Amino acid sequence: MPVRATHATLSAGRDAVCDPRARQVSVPIEFHMDDGSTLDGALILTSVELERLHQQTSRLVDAHGHALGGTP
């Protein structure tokens, strides 16, 4: 049975990189496999996808702050 990824996390100590010529951003991630191993990878986003991700994560950060008793 092949090893499968269970989830991915941001790679520690590595920053996202913008490639203006390709109009893409590369976000370093680490895949966590069901056998306990990990594999380095990258999340490649277009500018439209990056904007959409920003909007979604901004809403999540706001909701998280409200849930913890932060100010609106």
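What follows is a conversation about how to read a predicted model of one protein chain.

Biologist: I like to start with the layout. How many helices and strands does the chain have, and in what order do they come?

Modeller: Keep in mind that this is a predicted model. The chain has 1 helix and 4 strands, and along the sequence they follow the pattern β-β-β-β-α.

Biologist: Now overall shape. How does the radius of gyration of the chain sit against that of a compact globule?

Modeller: You set the chain's value beside the one for a compact globule with its number of residues. For 72 residues, that globule would come out near 11 Å, but this chain has 16 Å. The C-alpha trace spans about 45 × 35 × 25 Å along its principal axes.

Biologist: What share of the residues counts as buried?

Modeller: Just 12% of the 72 residues. As for surface, the chain exposes about 5900 Å², with carbon and sulfur atoms supplying 58% of that.

Biologist: And what part of the contacts joins residues 24 or more positions apart?

Modeller: Among contacts with a separation of 6 or more, such pairs account for 24%.

Biologist: Let's try a single residue. Where is Val-27, and is it buried or exposed?

Modeller: Val-27 is in strand S3. Buried means under 20% relative accessible area, and Val-27 counts as buried because its relative accessibility is 16%. Then look at its company: leaving aside neighbours within four places in sequence, Val-27 is in contact with Leu-10, Ala-16, Gly-41, Ala-42, Leu-43 and Leu-45. Take Leu-43 from that list: Val-27 and Leu-43 are 16 residues apart in sequence, yet their C-alpha atoms are 5.0 Å apart in space.

Biologist: What about a loop residue? Which strands lie on either side of Ser-11?

Modeller: Ser-11 is in the loop between strand S1 (5-10) and strand S2 (17-19). This loop residue is buried, because its relative accessibility is 11%. Beyond its sequence neighbours within four places, Ser-11 contacts Pro-28, Ile-29 and Glu-30.

Biologist: Asp-34 is in a loop too. Which residues does Asp-34 touch?

Modeller: Asp-34 belongs to the loop between S3 and strand S4 (38-46). Not counting residues up to four places away in sequence, Asp-34 touches Val-3, Arg-4 and Thr-6. You can also follow the backbone there: the C-alpha atoms of Asp-34 and Ala-5 are separated by 6.0 Å, although the two residues are 29 apart along the chain. Asp-34 counts as partly exposed, because its relative accessibility is 48%.

Biologist: Backbone angles next. Why would a positive phi catch your eye?

Modeller: Because most residues other than glycine have a negative phi. Here, Arg-23 is not a glycine, but it has a positive phi of about 55°. You'll find Arg-23 in the loop between S2 and strand S3 (24-33). Exposed means over 50% relative accessible area, so Arg-23, with 65%, is exposed. Another positive phi, of about 90°, belongs to Gly-69, just after H1.

Biologist: How far does helix H1 reach from its first C-alpha to its last?

Modeller: You compare the end-to-end reach with what the rise per residue predicts. H1 (residues 47-67) has 21 residues and reaches 30 Å, close to the 30 Å expected at 1.5 Å a residue.

Biologist: Last one, charge. How many positive and negative side chains are there, and how far apart are the centres of the two sets?

Modeller: Count each sign, then compare where the two sets are centred. The chain has 6 positive and 9 negative side chains, with the two centres 8 Å apart.

Definitions and conventions
Residues are numbered from 1 along each chain as its sequence is written. This is a predicted model: local features need pLDDT of at least 70, side-chain atom pairs count only at pLDDT 80 or more; totals for chains, interfaces and linings use all residues. Side-chain values use heavy atoms; hydrogens and water are left out. Helices (H or I, at least four residues) and strands (E, at least two) are DSSP runs, numbered from the N terminus. The radius of gyration is taken over C-alpha atoms; the globule rule is 2.2 Å times the number of residues to the power 0.38. Buried means under 20% relative accessible area, exposed over 50%, partly exposed in between (1.4 Å probe, protein chains only). Contact means heavy atoms within 4.5 Å. Accessible areas come from the Shrake-Rupley method with a 1.4 Å probe; for residues, only the protein chains shown count as cover. Lys and Arg count as positive and Asp and Glu as negative; His and the chain ends are not counted. The place of a charge is taken as NZ of Lys, CZ of Arg, CG of Asp or CD of Glu. The expected span of a helix is 1.5 Å times one less than its number of residues.
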